[in-house]
Amino acid sequence: MIRVLLADDEDLIRVAVAALLGLEPDIEVVAHAADGPTAVTATLAHRPDVAVVDLEMPGLDGIAVAAELTRARPECAVVVLTGHGRPGHLRQALTAGARGFLRKGSPGGALADVIRRVHAGGRYVDPSLAADALTLPPCPLTPRELETLRLAEVGAPVALIARRVHLSTGTVRNHLSAAVQKLGAADRAEAVRTARDNGWL
């Protein structure tokens with residue numbers, strides 16, 4: 001039997017997926033989680049072979065859960081499910097150690113097949129997302145521009161960002177302004193969204 005953990009903050013989806021997987025003769029759902037931290041704790045406690053985690057969850061998202069499980073329990077293969085994944089999410093998930101990346105709108109038996117594949121040591125990536133990811137442009141931002149944009153994402157004021165990266169406030173403003181301009185964004189918030197959607201943050 002392939003032991004599986006399911007993590008999704010939507011109860012109905014989690015229960016429905018568990019019921020579908022319960023019809024498979026070689027798959028057993030051994031734990032459920034409604035948020036990222038619980039998914040990590042439950043994986044360590046129940047030791048599933050495969051963790052199927054939603055991309056967007058409270059506490060830790062699916063990418064952060066994949067990174068944590070890859071570090072703490074690398075023998076557990078992680079599959080990230082997404083309702084509206086972007087190519088940048090795919091890149092981030094694979095970098096974090098996920099072995100599978102699947103849209104929630106995939107055919108009913110697809111998840112069971114992906115679980116079997118990653119359990120056997122393989123990988124699976126949604127073909128349409130993979131094609132989109134191959135055409136993503138390279139990041140136009142310098143490492144410093146990315147660093148300041150990442151700190152601006154959490155709403156840190158320029159003075160605090162400057163202290164954290166050991167630069168003057170004027171230099172930080174210049175980096176943020178350059179990032180906004182290079183990404184064709186109207187403001188910092190839009191620049192952050194663009195960079196995140198493309199998997200650069």
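This report walks through two nonpolar cores, one annotated aspartate and one helix in a predicted model.

Let's start with the cores. In soluble globular proteins, nonpolar side chains tend to be buried together. Here, the largest nonpolar core has 25 residues, and Leu5, Ala7, Val53, Val65 and Val80 are the ones touching the most other members. Several elements each give two or more residues to this core, and α3 provides the largest share, 4 residues. The table lists the strands among those contributors.

| Strand | Residues |
|---|---|
| β1 | 2-7 |
| β2 | 27-33 |
| β3 | 50-54 |
| β4 | 77-82 |

The helices on that list are α2 (36-46), α3 (62-72) and α4 (87-96). Take a look at Leu5: leaving out residues up to four places away in sequence, Leu5 touches Ala31, Ala39, Ala42, Thr43, Pro48, Val50, Ala51 and Val52. Another core, of 21 residues, lies apart from the largest one and includes Leu151, Val158, Ile161 and Val172.

Now for Asp54, which sits in strand β3. An unreviewed UniProt entry places the feature "modified residue: 4-aspartylphosphate" here, at Asp54. Is Asp54 buried or exposed? With a relative accessible area of 5%, Asp54 counts as buried, because the cut-off for buried is under 20%. Beyond its neighbours within four places in sequence, Asp54 contacts Ala7, Asp8, Asp9, Asp61, Gly62, Leu81, Thr82 and Lys104.

Last up is helix α8, residues 158-165, whose buried residues are Val158, Ile161, Ala162 and Val165. These residues cover an arc of only 100 degrees around the axis, so they sit on the same side of α8. They pack against α7 (143-153), α9 (169-182) and α10 (188-197). Just after α8, His166 takes a positive phi of about 60 degrees.

Key:
Residues are numbered from 1 along each chain as its sequence is written. This is a predicted model: local features need pLDDT of at least 70, side-chain atom pairs count only at pLDDT 80 or more; totals for chains, interfaces and linings use all residues. Side-chain values use heavy atoms; hydrogens and water are left out. A nonpolar core is a set of buried Ala, Val, Leu, Ile, Met, Phe, Trp, Tyr and Cys residues joined through side-chain atoms within 4.5 Å. Buried means under 20% relative accessible area, exposed over 50%, partly exposed in between (1.4 Å probe, protein chains only). Contact means heavy atoms within 4.5 Å. UniProt positions are given in the numbering used here, feature names are shortened, and annotations may be inferred rather than shown by experiment. The arc is that of the directions from the helix axis to the C-beta atoms.
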